[in-house]
Amino acid sequence: MSLPALRIRRRCSGSPDSSPNPGDTFAFQAPRTLAGDYAAGETRTVSVAPGNYAVTEVVPDGWTLASITCTSASGASQSAVDVAAATTSVTLAAGDTVTCTYVNDQVLGAIKITKTSSKTDNVLAGATFSITSGGAPIAGSPFTTDANGEICVEGLVFGDYVVT
């Protein structure tokens with residue numbers, strides 16, 4: 001009889017096999033060769049003896065753990081998921097394979113600009129601003145203030161931006 005296997009998958013919501021930021025990795029504390037840094041979309045499998053195992057994801061800044069699901073190929077193994085603790089406990093039965101999938105959401109931010117007159121304090125519609133990151137304009141730049149003198153650019157990954 002073959003040894004049972006424990007399989008860990010790491011995914012990003014909205015993009016199951018890639019990350020919005022190439023190179024993002026997520027550390028897992030797990031048995032044997034399952035431990036370590038995982039790139040987006042990476043899956044690792046290790047054969048282990050039947051028994052109890054815990055797998056914990058160390059979620060990096062700028063991300064949240066959205067969900068964990070575990071499935072037993074034969075239905076003989078049991079698992080308990082604690083999303084708040086980013087941990088899965090697995091009781092692995094002989095000959096079974098359990099696959100646990102961790103899905104992460106990237107935390108996004110926004111930049112809000114309000115343009116007012118320095119003389120009258122009135123809002124100014126039609127003012128144009130450029131926003132760059134890493135020296136390059138972000139998508140949609142330049143932006144123009146609306147009738148309330150405002151621009152709000154949402155869906156930005158955490159980082160440094162320059163507004164001019």
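These exercises explore backbone geometry and strand pairing in a predicted model.

**Exercise 1. The unusual peptide bond**

Task: Find which residues a cis peptide bond joins, and place Pro142 in the chain.

Solution:
- Start with the general rule. Most peptide bonds are trans.
- Look for the exception. The bond between Ser141 and Pro142 is cis.
- Check the angle. Omega is about 5° there.
- Now place the proline. Pro142 sits in a loop, with strand S13 (136-137) and strand S14 (143-144) on its two sides.

**Exercise 2. Two positive phi values**

Task: For Ala86 and Asp121, give phi, name the loop, and decide: buried or exposed?

Solution:
- Recall the background. Most residues other than glycine have a negative phi.
- Take Ala86. Its phi is positive, near 60°.
- Locate Ala86. The loop runs between strand S7 (78-82) and strand S8 (87-92).
- Judge the exposure of Ala86. The relative accessible area is 7%. Buried means under 20%. Therefore Ala86 is buried.
- Take Asp121. Phi is positive here too, near 65°.
- Locate Asp121. This residue belongs to the loop between strand S10 (108-114) and strand S11 (128-129).
- Judge the exposure of Asp121. The relative accessible area is 62%. Exposed means over 50%. Therefore Asp121 is exposed.

**Exercise 3. The sheet of three strands**

Task: Give the strand order of the open sheet of three strands, then say which strands lie at the edges.

Solution:
- Write the order: S13-S12-S16. The pairing is antiparallel.
- Find the edges. S13 and strand S16 (162-163) each pair on one side only, which makes them the edge strands.
- Zoom in on one pair. Strand S12 (residues 131-133) and S13 run antiparallel and are joined by two bridges.
- Match residues. Across from Thr132 stands Pro137 of S13.

**Exercise 4. The sheet of four strands**

Task: Work out the order and pairing of the open sheet of four strands, and find the partner of Thr69 in S9.

Solution:
- Write the order: S4-S1-S9-S6. The pairing is mixed.
- Find the edges. These are strand S4 (43-47) and strand S6 (63-72), each pairing on one side only.
- Note the twist. From one strand to the next, the average is 15°.
- Zoom in on S6 and strand S9 (residues 97-106). Nine bridges link them, in the antiparallel sense.
- Match residues. Thr69 has Thr101 as its bridge partner in S9.

Notes
Residues numbered from 1 in each chain as written. Predicted model: local features only at pLDDT ≥ 70, side-chain atom pairs only at ≥ 80, totals over all residues. Heavy atoms only, no water. Buried < 20%, exposed > 50% of the residue type's maximum accessible area, 1.4 Å probe, protein only. Pairing = 2+ DSSP bridges. Axes fitted to C-alpha atoms, helices over the stretch in contact; angles between N-to-C directions.
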